[in-house]
Structure formats: structure tokens, C-alpha cells
Amino acid sequence: MANHFSPDSAAKHSRLRGAVKSHSVCPYCAVGCSQNVYTKAGELIDIEGAPESPINAGRLCPKGANTFQLVSNRHRVKNVMYRAPYSDHWETRPLNWAMDRIAALTKAARDADFVERDATGLTVNHLKTLAHLGGATLDNEENYLIKKLLAGGLGILSIENQARI
Amino acid sequence: MPGLGASFGRGAATTFQADLAASDCILIMGSNMAEAHPVGFRFVVEARERGAALIHVDPRFTRTSAMANLFVPIRAGSDLAFLGGIINYIVSNDRWFKEYVLHYSNASAIVNEAFVDAEQNNGIFPGLDPARHAYMKETGSWNYSTLPDGIGAVERDPSLQHPRCVFQVLRRHFARYTPEMVSRVCGCKAGDVVRVAELLCRNSGRERTSAIVYALGWTQHTTGVQMIRAAGIIQLLLGNIGRPGGGIMAMRGHCSIQGSTDVPTMYNLLPGYLSHPDAVPQNATLDEYIRHGRGFANARNCSASGFWQEEAVLGYWSHIGSFIVSLLKAWYGDAATPDNEFGFQWLPKLDGDYSELPMFFQMHRGGVKGLFLIGQNPAAGAPNASLNRAALRNLDWIVVRDWFEHESANFWYADPTAGDPKTIKTEVFFLPAATNIEKDGSFTNTERLLQWHEKALDPPGDCRSDTWFIYHLGQRLKKLYAHSTLERDAPIKNLTWNYSRTSPATLPDGSQSRIADEPEVEKVLQEMNGRRVGGELLTGFGELKADGSTACGVWIYTGVFPAEGDNRAHSRNPALNGATYPGWGFAWPANRRTLYNRASADPAGKPWSERKKLIWWDEQQSKWTGFDVPDFEADKHPSYRPAMGALGMDAIAGDAPFIMHPDGRGWLFAPFGVRDGPLPTHYEPLESVVKNQLYATQNSPTVREFRADLNLLAKDVDPEFPCVATTYRLTEHYLSGPMSRFNSWLNELQPEMFVEIDPELALERGIENGAWAVVRSRRGAIEARAMVTPRIKPLLVDGKTIHQVGLPIHWGYAGETVGAMANDLTSLVADLNVSMHESKAFSVDIRAGRLGAARVPKAIEAAIRPAGTDNPIRDTPEFAQPEGRQQRWGLKRG
Amino acid sequence: MANLLRDLLYPFTRPTPPASRRATGFFTDTTLCIGCKACEVACKQWNQLPSDGFNFTANSYDNTAQLSATTWRHVKFLEQFPPSDSAPPSPPDMNLDLRSLLMEAQNGRWLMMSDVCKHCSAAPCQMACPTGAIIHNEFDDVYIQNDICNGCGYCVAACPFGVISRSAFDGHAHKCTLCYDRQRDDLMPACAKACPTESIRFGPLDELHEHAVGRLEEVKARGFKGARLYGDRASDTYSALGAFFLLLDEPSRYGLPDDPDTPQRHMIGDYIRGAAGTLIWVAILAIAVIARAPG
């Protein structure tokens, strides 16, 4: 058959025309690949490696290339889910309700279990009945605020993430 | 990361990934870089293509091995013996870099007379308290022999002949790590040790450099810190630290894992590697804390005297007072005054180990009420996951912040090994989180590089950034405590917490963000960077003061935000400057890309060779110059020698590149900083299939066990578990799966949990490729599909055939693909330095068949396409729509 | 009614064809492939293709199994290991030069290769397409025009590499477009852009050929005796490929035909037989009609 271009083929171009580009960093491993995030009308339309990065020069691994699906994903939880003690199901709750309740539970545990002095009389000002885990996939700023509030503000000792060595 | 910290001064990779391309020989060991870090691996491939030798030493032949020039299989857990063999080869064949070692390492220092090497005492160093599994008593002997002349005066023998000089101690310590011995321990050929050592030696020296790459294959052992120490010793002996193409590249696992150690969500650290104060008299006041310094933390419970004391007065850590006071000013603001020790007493004091493993052990026994779980999945992704799940069931409440309903969120109903939800008390809050493209912030990658990511769009629904969560939780708590007059509530009341927006929340397209109360993240980074109190931002940590006039949250990050509007983490100039990319992001400290780069020049300040030059002393300008920010005082002449009794940086000589160490040298022998011995020593994993060939002591004498019914161990060569198991990551998945098993594009690439075994073992046990097999450890049993492959080879270890079993870590009972958890087999044991577990080597048995469990994990329905792809992309004509979306709709014309 | 007419006439619409550009293609160098499958996901991401379902194959790390209408890149894995007892003993001779020291140690290999549509310069799929949906576009890449394709499936049978299949979603034939939409805007195809090690190279074909020849020499000099280019030039039975490869072993080991053949080459006889058959039927019919004609 002869080579006939259809109207669509003749007009074809990339969907990135007219898109807004933001700079990001891949959320998976620690290599630190730069990503370009493209949006149109407030919707994510493409994520790919940033060519100018000296680290990845536009390349990504399969996980990095998957970032689009990580963000734009049907399985993502979009509302606060609450499970009452001994319940067998989730309930959807307002964000503010959850925040208030978490703050109240935190204060209750701190007020009950805060230790000002140890047995030898040394000032310790610590709290052992609350704990935190997580951080290696969070932003530096988030880790900073977690440590600052939970240790510096509340006196929690057990603040950890998977980075141990 | 005390392995690197004790060797060189800072617990972080000494180099950057792109620099691997400049290497002449790369040894990858304890890392499967091609699979776990494919994009970083491109620099390794580049080096190989230029003719560099690429060596992979690993229990399994992986995608990294496939690219290597030389692959050496070894038994999982035997790495330290192999590295010891290399050290022995270098030393006994006189292949070390003389001038480098003499000037830049502590080879010439004379070790304390009381020191008795492990070699003389069955593998045990002086000072062990066996009951407490720790070196407690005579660790003062792990020390230099000091001269009475004053502080920092160490007895030395530049001829390296003194029997107690570090070099001779090292030589004797590793003398029995011969190729034959290594072969017996590791199961490799004796010739392979020689081959690897020879390649490293030939590719090191003035003209050439070798690099070592490691990852969790080294860290997840009870001797992991010492494996890294051994690599440090090799690189010091060969003169590869601080030089282009050299160094030790720690390939870490998560996008900001380096950041989460620098800005620590870790119990024992304050930001910038300051030690978290202990509940001991030596830390009772701010003055005491400053006087004892950071070295004290690593010497804790050890000797009252020792070289650690010098750290607080000699070298860069002598500035510790400025760092801690500035931190307290950042946290407590105006309430931090000289009169109240700048609020030092408000910091909680440590009275034990509160790291992850003890945390969960304690939780499973009761005693922890609430847990904030932010972006982590211990129900599947941490050692002895079944104990962890028991721990979660024992909480009063848990806050889970994540994107998907993973195993640690649905443990109360979806865990097939748990009981009825109606018996589980835990109150669960699942707060959906924003992804990184839905928020502003910075990550610190594996090469200490801070990179900023922009908010590209709003997160859906009630999803919020973790900054939003912690900020608003703080706001609420401050309100709840606002009227308290109790002294104990002073820290939360006085905590500075001003991150509300001063600029409107807009998205990149100029539209208004839906989340108006999102805090202003750059304000947080500015606080971390530091500023003069009430004044301008700081440009470097040299400006920090101990008098309360500066406030700085993370001193090692100072310079990342040197002026308003100048966020260097967001700097995107990709220009190559000789050997580095100084305009891309910001590398701590002070934007140095290669740490200890003073060592790239000879003692006189000239590059060791033209080929390997990085920084050098410019006599005309009278300063250090070159392709990188000097990791040294910029105007300190190479010939500078400290006067007797000099303090601080004045005590560091002009030819001493390791400025964080009080003696300015790299440590072959670590006088402090490592709690389980000043020299690496091979011990078998706690669960091993063979006896320790090198010492009468089977396991590390300092390893900690957590005794519980859910955490039984198969110690001392248990014949019931004859195979060596090791866990690992695949390219196609991530951690325990929360970021990959909800993604069909990744699930189709690796859809099921499998176990890799060699054909011989498969034949012996009647296991067919693709069929089910049951793997059992002392903690439990799991089922997985068998991957029978010649890539795994049985090894001959001390005359005995050893089979290895490979277990990917990626599955669990939540997500689109589900499967058994390798971590249901691993155990809670901890090394003394960093409480690290031993998931990379433990004992199992394997048989054909299935478990026949009553309940099996149930997958959620797969979403074969991303959300949002049901409709055409807006403002885009049909012919520019993605082909896949066109397929979805078919043709809709007219 | 007007719409219906437009739809009916649409396939016959002839816009001005774009001006011909420099021919582009892929050179996939398997010696650089680390089997990471970034190409597979990057392709799915850009083209927004669905997952093909989760099937554990136990065939090394290949769970994609084949190219399909919704999988346009597929990474193959070949484990080639001698039985363990035949591994060469290696008393190292330290007098050897570095290269020999390394070569001597080789005892088994794991080959990986990212497969893709070959974009044949004379493409059987295009010859088979009855609607003109398959074209060589201005970059000389083989492109199936989704808006013309009627889903007949002739191209599926015609492809000697088994690249094309019909989509379960729209019934049309689909395969790699060489990111036609991206090329129009001077963007590199998604797979080549993502490939961490540049195993997949995209570019003007003449440049790729030049590079490949040099690369083959390099690889051979390193001692890879089985190294060869595949599809870089036309053979007696097949045209040159717009996506060609550097392989380290026989093509058939990688699941590629050693000597691909153009099905149409064998169809002259079929044409003659078909024509003859038609003539015979016409003749029979004519005779029947004549025989039954009145009078």
C-alpha cells in the first residue's frame, strides 16, 4: 500500500506542548535522580528524567519511570480512615477531628508518663511511652520538624527511622 | 554510620556517584548496585567502558555481576574475612601507598601499652563484660600511647617499625587472613582473593585510584560496621580517600535516608551528628556536654579516659559548643538564654537504647502507648516482622501516614497470621499523605547532596504533606499547653514554631492552592541553615557562635540557604568544573563534593598526579584551590605544624586531611568511635552454618539478642537449618512494597514472591523451577515460588558444601500482588554500634511444597492503568493524546 | 448524517504529508543492558499503556514474556552458565596483564536484551495492511495509524518477529511507535531517554550504524567472540532494520529469527494460484451461465 498519512498522523505532536513543568526528585532510592513533572490544567500528565541533571541526565530506572502511577493511583487513600479499638472496619472521619484526637491522645500520654528526674536525681525530662518511626523517605524539613517537636518539644526518646548505619 | 565516621571523621559517603566514572577499578561488595541503584550504576558502566576493572563480590550472581569483569561468589556473612584477606595481601606484599599512609593515616601512632589485640585473645579485645555483651572496662587501652607533653601529643614511629605502632598491630591482626584461610571461610577460591587484591593494588597509587561501593549487603550484619571499617582500612592503605575516582561510596536505600541521619529522626543523635545527651553526670549540664563532646557518646560506658576526650578540643569538633548552642537557640528562641543553659535541660536525656529494634521489642511486651508511623512499614519491612505485628497489636493507638493502605495500616484485619479484629485493641488513624511532587521540600541523597523538589500540584482529598501534619499537630499541642505553668511543659511552650505562610500558596501554573494552611517549607530550611538572631541568614558554619547570637538547626547544612531567595538545594547549574558539579544542588558540608579532598594532593600540596588532581595549594594566592571546595582551612599552608598545646583547628597540621579527627588523620586503628573493637575482626553471623575458622569466638561478643518466644535463634551451627539465607531488593520493587505493590506497571515485572536456589539443592530437595517451596527459620516458615538458577552456586566452605537461599524482601499481605514476607524469617538481633539487625545472613531450611495455612494473603483488585487516564488530557487535541488512552476509548470521531 | 458521512470519508482524507526527515531508529547494545526494565515502564508511562497482568514465569527475571499491543518494550534474560564442575580452575598468574586477568575469570554470563519493534525498512506488516494504516512516517519509522486501522490483523501474521498484536481494548493493532509524537517535538523516545546505561540508543540511523560498527570492534577486541550486529543491513531474505542490535550470541538464543524472512517473498506462487483459481471459477460460472442460457 502506498504511504498515506492520516489527518491525525499529519497533525501529531507531543502532549507536552502547553504543559507546565516543575522540578522534582525521584522519591524512590538514594541516587537522587531529577525529574521533570508536567501538568496541564492542574492534572499530572507526565513525569520523566530531567536531562540537565549531572546525576541522571534524563534517565530513570523502572521505579523512577513509574512515579506517575505512584502519584496518579486508584489505590491511594484520599480521606482519613479511622479504626476504633476492637472494631472490624474502617470509618471515614474528618481530618480536623483526627488531628484534634491525635493531639489529645499525645498530650494525655505525655501528661501521664513524662519523667522529670531519674532515680539518681538527674534531670532527664523524657517520655518513653510514645514513639515515632519513619523518615528516610521524608523531606529534610519534615524530619527536622519531627525531631524538633517530638524530642525538643515533647521529650520523646524513641524517634527512629530505617537509617541505622 | 560509625564505620565511615570512625575511619575518616564523617558518617557519609566520601565521594559522589559521578566520580565513579573516573575510577580505574571499582569493587562492588555488599551491594547489588545495578539492581538497587540502576541510574547511579551508569557511572560504573562508564568506568568499565573506559577500561576500569569492575569487580563484584557477592553471594549471588546478580545483574551487577552480569556487568562485572570479575565476579567472586562468597558465603553470605563472610565479607569481613574476604576484606581482611585483601588487607593482609596489601600489607604482606608491601603494596601500600607509602607516602599517603605515612602522612595521612595513623599508621605511625604507637598504641597504648595495655592494648592486647584480639589475635592474642581468641578474637576478643580488652575490656569485655560478657554479661553485658559490651566492652565496658579497660577500653582505655584501645588508645594511642600519649606523651606527657600536653593534649594531643601522640607517640609516633615514622619508620613504622615499632612493634606497637598501628601499622604493625594491623599487620599482625590480619596476618592469618591468608588467601587459603579466606577461601576456607568464604567458600571462594584462594586465587580469587589474590585476584581482587591485585586488581585493587595495580589500580591505586599516584596515577590511579580505586573505589569501593557498598550498600545494605554490608550494613545488615552484626559485624556490618566493621566490614565498612575494613573497607576504610583498604582505601587508606591504598591511598584512595579524598581523590577523584577513589573513595567509599555508600549506596543508601531511600530518597532522603542520608538526610534522615543528618537531620536525624534517630534517637541517639541531634541534628548534624551531635550526640543526643545521656542521663549521666557527664552530660548533666550544657558545660559538661560541651566539655565531654561527641566522642563521649561513642565511648559511653567505656573508659573514663581516652583519646575520645581530645575530640572536644582538637579538630573541627572543638566547635561543638557553637553547634549545640545554636541548635538550642533555633529550637527555643528567646527562651534560650545563658542563664538557663539555653534550654539544654529541656532536651530529653537518654538512659538506654531506643532504636527501632528495642522499640518494637518493648512495644510487643507492652509499655508503649502510641506510635507515629510516617512512611515506614514495620509489619512487613523490618526484621522479625511477625513480632513487629504483635507489637502493633499491643499499642493503644497508632497514627499511620502514608499513600496506600499497607501492612502496618491494615494489620488488624488483613494479616493472615493474626486473630479476629475484635480481639485487637489498637486505635488506628490512617492519615493520607501527599507525594513528593505534591509538596515543596528537599531530599539528601546518598552523596550528601540536597536537592529541592517543587510542589507541582495539590494532593487529592485530605492528603497532606508531613510538614502540614507535624506543623498543625505542633500548633494544637502548643495551644493545649499554652496555659500550663509546669516547668515540665516549658519545652513545648517555648518551642519556636513559626512556619505559617507569608506568601500565598500558589501552584506552578499560577493558580491558587486548595491548601491555604500549608506551612512555608523554605522557612524550615532557613531555620536549618541558621541565621544571626534577629538578623540575616548565615553563609557557613564558621559563623556559628556559642554565645547565643546565632540560631542554627542543622549546622552541617549551613550554607544551603545563604541569603533570602537563594535556596541552594534548588540550584540547577549543571556545569562541570574539572571534576565536580558545584552548581547542582548543595552538598554538605559547605558544598564539598569529595570529602577529605586535601588528600588529593601530596603532603606538600601538589596533586599526586596530573591525572588525579582535585585540589592543590596555590602558592601565589596562598590558598587551596581546584575543582572542589577544599575540605580544609582554605589558607592553611601545607607546611603548617601546630605548636605544642595548640587547640581546635590550630591543632590540625597542614598535611592532615581528616579534620574531624582530633589528630587529623584517617584511622587504620580506631582509638574510639567503634564500640566493638578498634580493628575489624571476623565473627560468624549469629546464625551460621559453620564454625568460625579464624577465632575460637564464634559470634561477635557484643551482639545483643532479644529473647522472646517470637524471636528464637538457631545459634551455634544448628543442623536443623543447614542453608544460608540472605535477603535483597529487586530493581522492580521497593522495600516491603508500599511504593511498588500498588503499582501495576511494576507488579507485572515481578509479580510474585520467590526464593532463589541452586540447581543442586533443588535436585536434592525435589524442588522444581516455578513450583512452590517452603522456607523455614527458627522464627517461622513461609512459602514462595522456587527460582532454580545456576546463578546461585553451592560453595565449598571448609570442606563442606554450603547452599545459599535468596529471598527478596518485597512482599506482604497488602497490595495488588501479595506474598510471603522474608522478614517473617529474619530475627531481632542487634550489633552494639548502631543496633543493626542481621537480615543478610541467617540459617534456614527449604523443602518442596506449600504451607497449607488456613488463611493466605488476599490481593486487592489490580488497577491496570493509573488513575486519571480514563479521560482525555485537557487542553490537548486527540492526536496528541497518549496512544494508550486512545486505545482505551477507541475512536470517537464526529 | 453529516457526521456519518465524515466518518465514512475520513480514511480517504489525504492531508499534506509532512516533509521527509532524516531516518531515525534504535540501536540496542545488549552489552550495556542491565536488565532493569526502565524501558518497559518508561514506555508504558509515556504511552499510558495498561499492565498486561501478573504472571510469574520462573523464566529468569522475565515476567513480561512477550511484546504485545500494550507492551512495546520487553527485556529478555538468558542465563548461560556452564555446569559448576566444568568451571575453569583459576590459579591466578599475576604476570598476566589486567585484561587477561579478568578474561580468565569468566565462568558464566547472564545476558539481557531489550526487544522492540524492528521498524523494518521493508516492513511485511505494512505490505500486508489492506487499509493503508501502516506507514513509514517521515522519520522512516513504521507507524500504525490508529485512526485508519480496522483491526483485520493481517499485520499480526505478517510480522516475522511476532511484534504486533491486537489490543483487547479497541481491537486495533498496536506496537512501538518509536514515540512518533515525541519525535515531532524533537524529544527522544521514552525508552531510550530512560535507559540508565544507554543500552538503547536513539538517533539518526546513519549515525547509529557508524557507532555500532565501532562498538562491535571494541566488544570483539575484548574477547567476546560471539558478538555480532543484528539487522544493521539487509540480507538476502530481509531488509535492514530501523531498530537493530548488538548481540553476544546467536540471534535464536535471544528468541530472534536467525534469518528473518519476508513472507511476501513466498507469495508470488500464491498470487498466481489465486489468479488461476479465480479464472477457473469465472470460467466455470461462465460455462454454467452459458449452458443454462435459454436458447
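This is a guided tour of a predicted model, going from the whole complex to chain B, its strands, and the contacts of chains A and C.

**The whole complex**

Begin with everything displayed, and keep in mind that this is a predicted model, for which the predictor gives the complex an ipTM of 0.98 and a pTM of 0.96. If you colour by confidence and pick out chain C, its mean pLDDT is 91, and 92% of its residues reach 70 or more. Where pLDDT is low, the predicted coordinates should not be read in detail.

**Chain B as a whole**

Select chain B next, and turn it so that its principal axes can be followed: along them the C-alpha trace spans about 85 × 70 × 60 Å. Chain B has a radius of gyration of 27 Å, which agrees with the value near 29 Å that a compact globule of 894 residues would have. In a cartoon display, 25 helices and 29 strands can be traced in chain B. Buried residues make up 68% of the 894 residues in this chain, and among its contacts with a separation of 6 or more, 71% are between residues 24 or more positions apart.

Now colour chain B by domain, using 2-253 for domain 1, 260-349 together with 527-568 for domain 2, 356-521 for domain 3, 704-848 for domain 4 and 868-894 for domain 5. Domain 2 of chain B is thus written as two segments, 260-349 and 527-568. Between the centres of domain 1 and domain 2 of chain B, taken over C-alpha atoms, the separation is 31 Å.

**A loop residue in chain B**

Select His483(B), which sits in the loop that runs between helix H20 (466-480) and helix H21 (490-494) of chain B. Is His483(B) buried or exposed? It counts as exposed, because it has 8 C-beta neighbours inside 10 Å, and a residue with 12 or fewer is placed in that class. Adding Tyr104(B) to the selection gives a pair whose C-alpha atoms are 57 Å apart in space, with their positions 379 residues apart in sequence.

**Two strand regions in chain B**

Go on to the open sheet of three strands in chain B, whose order is S13-S14-S17 and whose pairing is antiparallel. Strand S13 (441-444) and strand S17 (586-587) stand at the edges, and each has a single partner strand, so one side of each is left without a neighbour in the sheet. Zoom in on strand S14 (residues 449-453) of chain B, which is joined to S17(B) by two bridges in the antiparallel sense; here Leu449(B) stands opposite Ala587(B).

Then move to strand S22 (residues 754-757) of chain B. In a regular strand the side chains alternate between the two faces of the sheet. What covers the faces of S22(B) can be read from its residues: Phe754(B) and Glu756(B) on one side, and Val755(B) and Ile757(B) on the other, are all buried. S22(B) runs parallel to strand S24 (residues 780-788) of chain B, and four bridges join the two, with Phe754(B) opposite Arg785(B) in S24(B).

**Where chain A meets chain B**

Bring chain A back into view beside chain B, and select the contacting residues, which number 116 in chain A and 146 in chain B. Which helix of chain A gives the most to this side? Helix H5 (residues 140-153) does, with 13 residues. By class, the side of chain A that touches chain B has 55 nonpolar, 36 polar and 25 charged residues.

A strand pairing also crosses between these chains: strand S7 (residues 123-133) of chain A and strand S10 (residues 370-374) of chain B pair in the parallel sense over four bridges. Select Ala131(A) there, and Leu371(B) in S10(B) is found opposite.

**Where chain A meets chain C**

Switch the selection to chains A and C, where 26 residues of chain A are in contact with 35 residues of chain C. On the chain A side, helix H1 (7-11), strand S3 (43-49) and helix H2 (62-65) each supply at least two residues, and H1(A) gives the most, with four residues. The residues of this side of chain A divide into 11 nonpolar, nine polar and six charged.

**The domains of chain C**

End with chain C alone, colouring 19-78 and 108-260 as domain 1 and 262-295 as domain 2. The centres of these two domains, taken over C-alpha atoms, are 41 Å apart, and their contact takes seven residues from domain 1 and four residues from domain 2. On the side of domain 1 of chain C that touches domain 2, the residues divide into six nonpolar, one polar and no charged.

Technical notes: Residues are numbered from 1 along each chain as its sequence is written. Chains are lettered from A and ligands numbered from 1 in the order in which they are written. This is a predicted model: local features need pLDDT of at least 70, side-chain atom pairs count only at pLDDT 80 or more; totals for chains, interfaces and linings use all residues. Two residues are in contact if their C-beta atoms, placed from the backbone, lie within 7 Å. Ala, Val, Leu, Ile, Met, Phe, Trp, Tyr, Cys and Pro count as nonpolar, Asp, Glu, Lys and Arg as charged, and the others, Gly among them, as polar. The radius of gyration is taken over C-alpha atoms; the globule rule is 2.2 Å times the number of residues to the power 0.38. A residue is buried if 20 or more other C-beta atoms lie within 10 Å of its own, exposed if 12 or fewer, and partly exposed in between; C-beta atoms are placed from the backbone. Domain bounds come from an automatic or database domain assignment. Two strands pair if DSSP finds at least two bridges between them. pLDDT is the predictor's confidence in each residue, from 0 to 100.
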